[in-house]
Amino acid sequence: MNMFVLNLVLAIIWVAVTGSASLHNLVFGFIVGAICVALVRYQVGGRGYYTRMRRIISLFLLFLYELMVSAWSVAKLVCSPRMELKPGIFRYELRLERDFEIVLLANMITLTPGTLSVDVSDDKKYLYIHALDCADPDGIRRGIADGFETKIREAFA
């Protein structure tokens with residue numbers, strides 16, 4: 001059984017047993033379930049579960065950080081009196097291969113203020129991205145490659 005599913009089932013059982021169907025009780029049940037899974041992980045073959053979970057949390061924290069930084073950048077750009085915008089579309093070469101990873105990257109880029117995923121090439125090697133400020137497309141490419149794309153590869157490899 002997938003360790004995440006087992007962890008989630010244990011959290012739901014926790015909610016049912018305690019009789020409180022609130023979000024914080026579900027999160028607490030998930031934590032209790034994670035401890036239970038940690039105790040039996042060698043017996044059920046789930047050794048990589050915590051490593052993957054840690055990497056997914058790291059990806060989520062990076063997304064929140066990038067969300068805040070880009071929201072601040074867009075707010076400063078829009079509120080400046082001159083509004084020196086250089087919008088544009090650039091092509092980003094993908095290192096990701098699976099559809100799920102490409103969709104996740106495209107959605108993270110779209111949800112980040114100031115950028116929008118426009119299209120994926122038919123061969124799934126390029127992602128076309130619209131940037132509100134496209135003055136340095138190579139810098140944006142490096143930021144995506146070193147940030148989201150690397151974390152996605154680590155989390156779902």
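1. Lining of the largest pocket. In this predicted model, three elements each supply at least two residues of the lining of the largest pocket: α3 (49-79), β3 (126-131) and α5 (137-156). Helix α3 gives the most, with 7 residues. In total, 23 residues line the largest pocket. Ser 70, Thr 112, Pro 113, Thr 115 and Ile 140 lie nearest its centre.

2. Volume and character of that pocket. The largest pocket has a volume of about 500 Å³. Its lining divides into 12 nonpolar, 8 polar and 3 charged residues.

3. The second largest pocket. Here the volume is about 270 Å³. The lining consists of Asn 2, Phe 4, Phe 30, Tyr 49, Arg 52, Met 53, Ile 56 and Ile 57. By class, that is 6 nonpolar, 1 polar and 1 charged. Helix α3 again appears: it gives the most to the lining of the second largest pocket, with 5 residues. So a reader checking α3 should keep both pockets in view, since α3 is the top contributor to the largest pocket and to the second largest.4. Overall fold order. The chain has 5 helices and 3 strands. From the N terminus on, the elements run α-α-α-β-α-β-β-α.

5. The hairpin. Strand β2 (residues 115-120) pairs with β3 in the antiparallel sense, over 5 bridges. Within this pairing, Leu 116 stands opposite His 130 in β3. The two strands form a hairpin with 5 residues between them. Lys 124 sits in the turn and has a positive phi of about 60°. β3 also belongs to the elements that supply at least two residues of the lining of the largest pocket. Thr 115, a residue of β2, is one of those nearest the centre of that pocket.

6. Domains. The domain assignment splits the chain into domain 1 (3-42) and domain 2 (49-156). Over C-alpha atoms, the centres of domain 1 and domain 2 are 32 Å apart.

7. Overall dimensions. How does the radius of gyration of the chain stand against that of a compact globule of 157 residues? The chain has 20 Å, whereas such a globule would have a value near 15 Å. Along the principal axes, the C-alpha atoms fill a box of roughly 60 × 35 × 20 Å. Of the 157 residues, 28% count as buried.

8. Ile 13. This residue has its place in helix α1 (residues 3-18). Is Ile 13 buried or exposed? Neither label applies: Ile 13 is partly exposed, because its relative accessible area is 43%, and that class lies between the cut-offs of 20% and 50%. Leu 26 is 13 residues away from Ile 13 in sequence. In space, the two are 9.4 Å apart, C-alpha to C-alpha.

9. Phe 100. Helix α4 (residues 99-111) holds Phe 100. Its relative accessibility is 48%, so Phe 100 counts as partly exposed. The exposed class starts over 50%. Phe 156 is 56 residues from Phe 100 along the chain. Their C-alpha atoms are separated by 9.5 Å.

Technical notes:
Residues are numbered from 1 along each chain as its sequence is written. This is a predicted model: local features need pLDDT of at least 70, side-chain atom pairs count only at pLDDT 80 or more; totals for chains, interfaces and linings use all residues. Side-chain values use heavy atoms; hydrogens and water are left out. On a 1 Å grid over the protein atoms alone, a cavity is a set of points where a 1.4 Å probe fits but cannot get out, and a pocket is an open set with protein on both sides within 12 Å along at least five of seven lines; lining residues have an atom within 4 Å of a point. Grid points are joined across faces, edges and corners, and a volume is the space filled by probe spheres set on the points. Helices (H or I, at least four residues) and strands (E, at least two) are DSSP runs, numbered from the N terminus. Ala, Val, Leu, Ile, Met, Phe, Trp, Tyr, Cys and Pro count as nonpolar, Asp, Glu, Lys and Arg as charged, and the others, Gly among them, as polar. Domain bounds come from an automatic or database domain assignment. Two strands pair if DSSP finds at least two bridges between them. The radius of gyration is taken over C-alpha atoms; the globule rule is 2.2 Å times the number of residues to the power 0.38. Buried means under 20% relative accessible area, exposed over 50%, partly exposed in between (1.4 Å probe, protein chains only).
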